[in-house]
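The following exercises concern a single protein model. Each task is followed by a solution that proceeds step by step.

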Amino acid sequence: MGGYMQPQGHVQMVMNLVDFGLKPQAALDAPRWQWLGEMKVGIEQGASRDLAASLARRGHQIQVDCDLINYGRGQIIIRDPDTGVLCGGTEPRADSHIAVLFLWQRAQSGFVRDRVRRPQLGRSLRVRSDNHTDNGQCCNHHHR
């Protein structure tokens, strides 16, 4: 994300992750909004009609956009502090991928090895510290 959309997009990603408890891919997939100046607000075509109606009742001029290029792009990788699981998401609004590069240490020999995970197209990538990769639901605390 860049320009005037960057801080607006970052706030929305933090809200999606922290306030709404979404996983990275769901946070990036969620429809976005942007302030366009004065009382004008742009929202993506996939946003709820209730949101648009609520903003209009408050006096905002609503611009529903089907061209999503102006709503930013991003990738997110988070690490669960309890399990060490890395969970990532990639932007559906652009041609993008995520890849996780991580290091692990072999206790017996004391050396560190590099390991690269291949990008997963349009899917969440979960990398567990035990060198196991899962796709789909990620960052669950139940899969040790």
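**Exercise 1. Trace the salt bridges of this predicted model and determine how their residues are connected.**

*Solution.*

Step 1. Begin with E44 and R93, whose side chains form a salt bridge with an N to O distance of 2.7 Å. E44 belongs to strand β2 (residues 40–44) and R93 to the loop between β5 and β6, so this pair ties together parts of the chain that are 49 residues apart in sequence.

Step 2. Continue from R93 to E91. The side chains of R93 and E91 also meet in a salt bridge, at 2.5 Å from N to O.

Step 3. Continue from E91 to R32. These residues form a salt bridge whose closest N and O atoms are 2.7 Å apart. The pair links distant parts of the chain, 59 residues apart: E91 is in the loop between β5 and β6 (101–105), and R32 is in the loop between α2 (24–29) and β1 (33–37).

Step 4. Compare with the search of the whole structure, which finds three salt bridges. R32, E44, E91 and R93 are linked in a network of such bridges. As a general principle, side chains of opposite charge can pair when their charged atoms come close.

**Exercise 2. Decide whether the charged residues of this network are buried or exposed.**

*Solution.*

Step 1. Recall the cut-off: a residue counts as buried under 20% relative accessible area.

Step 2. Apply the cut-off to each value. E44 has a relative accessible area of 4% and is therefore buried. E91, at 2%, is buried. R93, at 15%, is likewise buried.

Step 3. Complete the set with R32, which is buried, as is its partner E91.

**Exercise 3. Identify the residues of the largest nonpolar core and the elements that supply them.**

*Solution.*

Step 1. List the members. The largest nonpolar core has five residues, namely V41, I43, A47, A52 and L55.

Step 2. Assign the elements. Strand β2 and helix α3 (49–57) each contribute at least two residues to this core.

Step 3. Examine the surroundings of V41. With neighbours within four places in sequence left aside, V41 is in contact with W33, Q34, L36, L55, H60, Q61, I62 and Q63. L55 is itself a member of the core.

**Exercise 4. Describe the polar contacts made by the side chains of D80 and Q12.**

*Solution.*

Step 1. Locate D80, which is placed in the loop between β4 (75–79) and β5 (86–90). Its relative accessible area is 7%, so D80 is buried.

Step 2. Follow the side chain of D80 to the backbone. One contact is with the backbone nitrogen of D82 at 2.7 Å, and another is with the backbone nitrogen of T83 at 3.0 Å.

Step 3. Turn to Q12, a residue of helix α1. With a relative accessibility of 4%, Q12 counts as buried.

Step 4. Find the polar partner of Q12. A polar atom of the Q12 side chain lies 3.1 Å from the backbone oxygen of Q8. Not counting residues up to four places away in sequence, Q12 touches M5, P31, R32 and W33; of these, R32 also takes part in the salt-bridge network.

**Exercise 5. Characterise the surface, starting from M15 and E38.**

*Solution.*

Step 1. Place M15 in helix α1 (residues 5–19). M15 has a relative accessible area of 30% and is partly exposed.

Step 2. Identify the patch. V11, M15, F20 and L22 make a nonpolar surface patch of about 330 Å².

Step 3. Consider E38, located in the loop between β1 and β2. At 73% relative accessibility, E38 counts as exposed. Its phi angle is near 50 degrees, a positive value in a residue other than glycine.

Step 4. Widen the view to the whole protein. The protein exposes about 9200 Å², of which carbon and sulfur atoms supply 52%. Buried residues account for 36% of its 144 residues.

**Exercise 6. State the order of the secondary structure and the share of long-range contacts.**

*Solution.*

Step 1. Count the elements: the protein has three helices and nine strands.

Step 2. Read them along the sequence, which gives the pattern α-α-β-β-α-β-β-β-β-β-β-β.

Step 3. Consider the contacts with a separation of 6 or more. Residues 24 or more positions apart account for 37% of these contacts.

Conventions: Residues are numbered from 1 along each chain as its sequence is written. This is a predicted model: local features need pLDDT of at least 70, side-chain atom pairs count only at pLDDT 80 or more; totals for chains, interfaces and linings use all residues. Side-chain values use heavy atoms; hydrogens and water are left out. Patches are made of residues with over 30% relative accessible area and no salt bridge: like charges are joined within 9 Å, nonpolar side chains (Val, Leu, Ile, Met, Phe, Trp, Tyr) within 5 Å. Accessible areas come from the Shrake-Rupley method with a 1.4 Å probe; for residues, only the protein chains shown count as cover. A salt bridge is a side-chain nitrogen of Lys or Arg within 4 Å of a carboxyl oxygen of Asp or Glu. Helices (H or I, at least four residues) and strands (E, at least two) are DSSP runs, numbered from the N terminus. Buried means under 20% relative accessible area, exposed over 50%, partly exposed in between (1.4 Å probe, protein chains only). A polar contact is a pair of N or O atoms within 3.5 Å; within protein, one must be able to donate a hydrogen and the other to accept it, and residues adjacent in sequence count only if both atoms are side-chain atoms. A nonpolar core is a set of buried Ala, Val, Leu, Ile, Met, Phe, Trp, Tyr and Cys residues joined through side-chain atoms within 4.5 Å. Contact means heavy atoms within 4.5 Å.
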